[in-house]
Amino acid sequence: YENPIDRNLITEIWDQGTMFLGVRYQPLNASSTILDNAETVGNYSASGDAGTPVADTVTFKEGNGSIKIPITNSSGSATISTTFSSALNLSTYKKRYYFVWVYLDAVPTSIELRLRSSAGNYLSSGALTAQFSGQALKADDWNLLAFDLNIATQTGTFASANISAQDIILTAAATGTYFIDAAYLREWDLLDYWFYSKL
């Protein structure tokens, strides 16, 4: 609840009976670049079980709105695509994670994230079944999804000079209303974690 200036903090975070370590490392100055703030519905399209995207200013995680996606389970695959307003040129993309906020009406079997430079040329997360933190995907809640671009699966030839679109593919998503919010590329750094055990 407090944010002491120039102090590193570590705490236990409990979520549905599972403990996680929360760490705030103040000296880390890693960069964060927003790809899309999910407030321009014209940047969004949908296919498969996903219906027409709609701008929403009631349910959102950050900023002033999100994109609402109705899903009707039929084929078992729903794809939401975004063309970024401005393509990103970033040769150091391998030292970053791709993050996106997704509100799930129900938990799908898995979610695949793709970061595209053009059609058929993209980096993929593979089938995600948990949030970035390792927590289980949650129904009726926002889920922070991410994957490390350094170990992503590449299809075609990904061009770092033209990072221009994203795809979010939900497998076996139940009929309901889902939301997409902001997407980022965030830099990571390796840290040493020193600790004492009871042994």
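**Pockets, cores and three buried polar residues**

D56 is found in strand 5, which covers residues 54–56. I start there, and I should say at once that this is a predicted model. Is D56 buried or exposed? Its relative accessible area is 10%, so D56 is buried. What does its side chain reach? A polar atom of the D56 side chain lies 2.9 Å from the backbone nitrogen of V58. The same side chain also reaches the backbone nitrogen of T59, at 2.7 Å. Setting aside residues up to four places away in sequence, D56 touches G65, S66, K68 and F179.

Next is Y44, in strand 4, residues 44–48. Y44 has a relative accessible area of 7%, under the 20% limit, so Y44 counts as buried. Its side chain makes a polar contact of 2.6 Å with the side chain of D36. D36 is also on the list of residues that Y44 touches beyond four places in sequence, along with A38, P53, I67, I80, S81, T82, Q166 and I180. For a sense of distance, take T153: Y44 and T153 are 109 residues apart in sequence, and their C-alpha atoms are 24 Å apart in space.

The third residue is K138, in the loop between strand 10 and strand 11. Why does K138 count as buried? The relative accessibility of K138 is 19%, and the cut-off is under 20%, so K138 falls on the buried side. Which side chain does K138 join in a polar contact? That of D15, at 2.9 Å. Not counting residues up to four places away in sequence, K138 touches D15, Q16, L104, V107, Q131 and N143.

Now the cores. In soluble globular proteins, nonpolar side chains tend to be buried together. In this model, the largest nonpolar core has 36 residues, and those touching the most other members are Y98, V100, L113, L115, I163, L170 and L185. Several strands each supply at least two residues of this core, including strand 6 (66–71), strand 7 (77–88), strand 9 (110–118) and strand 13 (163–171). Take L113 as an example. Beyond its neighbours within four places in sequence, L113 is in contact with Y98 and V100, and its other contacts include L123, L128, L145, F147 and I168. There is also a second, separate core of nine residues, with F99, Y103, W142 and Y184 among them.

Last, the pockets. Rolling a probe the size of a water molecule over the atoms shows where empty space is left. The largest pocket has a volume of about 1,000 Å³. Its lining is made of 29 residues, and V23, L28, F99, F132 and S133 lie nearest the centre. Strand 2 (18–24), strand 8 (96–104), strand 11 (141–148) and strand 14 (176–187) are the elements that give two or more residues to this lining. Which of them gives the most? Strand 11, with five residues. By type, the lining of the largest pocket has 18 nonpolar, six polar and five charged residues.

The second largest pocket holds about 290 Å³ of space. Among the residues lining this second pocket are N8, L9, I10, L21, V23, R24 and W194. Strand 2 supplies the largest share of that lining, three residues. Here the division is eight nonpolar, one polar and two charged. V23 is worth finding on the screen: V23 is named in the lining of the largest pocket and in that of the second largest.

Terms used. Residues numbered from 1 in each chain as written. Predicted model: local features only at pLDDT ≥ 70, side-chain atom pairs only at ≥ 80, totals over all residues. Heavy atoms only, no water. 1 Å grid on protein atoms, 1.4 Å probe; cavity = no way out; pocket = protein on both sides within 12 Å on 5 of 7 lines; lining within 4 Å. Points joined across faces, edges and corners; volume = space filled by probe spheres on them. Helix = DSSP H or I, 4+ residues; strand = E, 2+ residues; numbered from the N terminus. Nonpolar A, V, L, I, M, F, W, Y, C, P; charged D, E, K, R; others polar. Core = buried A, V, L, I, M, F, W, Y, C linked by side-chain atoms within 4.5 Å. Buried < 20%, exposed > 50% of the residue type's maximum accessible area, 1.4 Å probe, protein only. Contact = heavy atoms within 4.5 Å. Polar contact = N/O pair within 3.5 Å; in protein donor to acceptor, adjacent residues only side chain to side chain.
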